[in-house]
Structures are given as structure tokens and as C-alpha cells.
Amino acid sequence: MAVQNRISVSFNDEEYAVLERLSSHTHKSKAELIRLIVEEYLRDNPDRFRLETSLGINRKANILLPKKTQ
């Protein structure tokens, strides 16, 4: 089965060793951990990659991640 959404991520040896230990400890694949880390970071820091504009817009909703229904 072909995967459409694929990305390549590079780590130095030290970072890879940390990811390897975390993967072993949590019994999750490295890909799952990276997805989780990115999702949590974007959820907690929604304005991190937004450029400053002269409009001064402050968003009340996080448009980066889909809303989760409960």
C-alpha cells in the first residue's frame, strides 16, 4: 500500500539516540513519537510560526489543528 503523506526528518546521532530510547521506553514507533511531539507542540504554541503583521490579529481558536469533539 502506497503512503501519500510522507516526510523525511533528519536527526544528529545524539538526538536519534534519545528518540531511540524514548521509542523503546514507550513501545511506540519513532514516527508515532515524532507525530505526537509535533502535534503537542503546535497545540501548545499555535502562534510560534505565525509572522507578525501590521493588522494585529489575535486568533482565539487554533487553526493549525482540527477541533476534537468530545
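**View 1. A nonpolar patch on the surface of the predicted model.** Ile7, Val9, Phe11 and Tyr16 together make a nonpolar surface patch of about 410 Å². This is a predicted model, so read every view here with that in mind. If you want a place to start looking, try isoleucine 7, which sits in the segment before H1. Isoleucine 7 counts as exposed because its relative accessibility is 73%, and the cut-off for exposed is over 50%.

**View 2. The largest pocket and its lining.** The largest pocket holds about 390 Å³ of space. Some of the patch residues turn up again here: Ile7, Val9 and Phe11 are among the lining residues. From the same stretch of chain, Asn5, Arg6 and Ser8 also line the pocket. The rest of the lining is Lys30, Ala31, Ile34, Arg35 and Val38. What kinds of residues make up this lining? They split into 6 nonpolar, 2 polar and 3 charged.

**View 3. Lysine 30 reaching across to glutamate 20.** Lysine 30, one of the residues lining the largest pocket, lies in helix H2. Lysine 30 makes a salt bridge with glutamate 20, and their closest N and O atoms are 3.1 Å apart. Why does this pair tie together separate parts of the chain? Glutamate 20 belongs to helix H1 and lysine 30 to helix H2, so the bridge links parts that are 10 residues apart in sequence. Measure C-alpha to C-alpha on your screen and the two residues come out 7.1 Å apart in space. How open are the two partners, buried or exposed or something in between? Lysine 30 has 23% relative accessibility, so it counts as partly exposed. Glutamate 20 is partly exposed too, because its relative accessibility is 36%.

**View 4. A salt bridge between neighbours, arginine 43 and aspartate 44.** The count for this model comes to 2 salt bridges, and here is the one between aspartate 44 and arginine 43. The closest N and O atoms of aspartate 44 and arginine 43 are 3.9 Å apart. Aspartate 44 is exposed, because its relative accessible area is 54%. Arginine 43 has a relative accessible area of 42%, so this partner is partly exposed.

**View 5. Histidine 27 in the loop between the helices.** Zoom in on the loop between helix H1 (13–26) and helix H2 (30–44), and you will find histidine 27. What is the sign of phi at histidine 27? Phi is positive there, about 60°, although histidine 27 is not a glycine. That is worth a second look because most residues other than glycine have a negative phi. Histidine 27 also counts as exposed, because its relative accessibility is 73%.

**View 6. Stepping back to the whole chain.** Zoom out and the secondary structure comes to 2 helices and 0 strands. How much of the chain is buried? Of the 70 residues, 6% count as buried. The accessible surface of the protein chain comes to about 7100 Å², with 53% of that belonging to carbon and sulfur atoms. To place the close-ups on this wider view, look for isoleucine 7 in the segment before H1, and for histidine 27 in the loop between H1 and H2.

Key: Residues numbered from 1 in each chain as written. Predicted model: local features only at pLDDT ≥ 70, side-chain atom pairs only at ≥ 80, totals over all residues. Heavy atoms only, no water. Helix = DSSP H or I, 4+ residues; strand = E, 2+ residues; numbered from the N terminus. Buried < 20%, exposed > 50% of the residue type's maximum accessible area, 1.4 Å probe, protein only. Patch = residues over 30% accessible without salt bridge, like charges linked within 9 Å, V, L, I, M, F, W, Y side chains within 5 Å. Areas by Shrake-Rupley, 256 points an atom, 1.4 Å probe, with all protein chains shown as cover. Salt bridge = Lys/Arg side-chain N within 4 Å of Asp/Glu carboxyl O. 1 Å grid on protein atoms, 1.4 Å probe; cavity = no way out; pocket = protein on both sides within 12 Å on 5 of 7 lines; lining within 4 Å. Points joined across faces, edges and corners; volume = space filled by probe spheres on them. Nonpolar A, V, L, I, M, F, W, Y, C, P; charged D, E, K, R; others polar.
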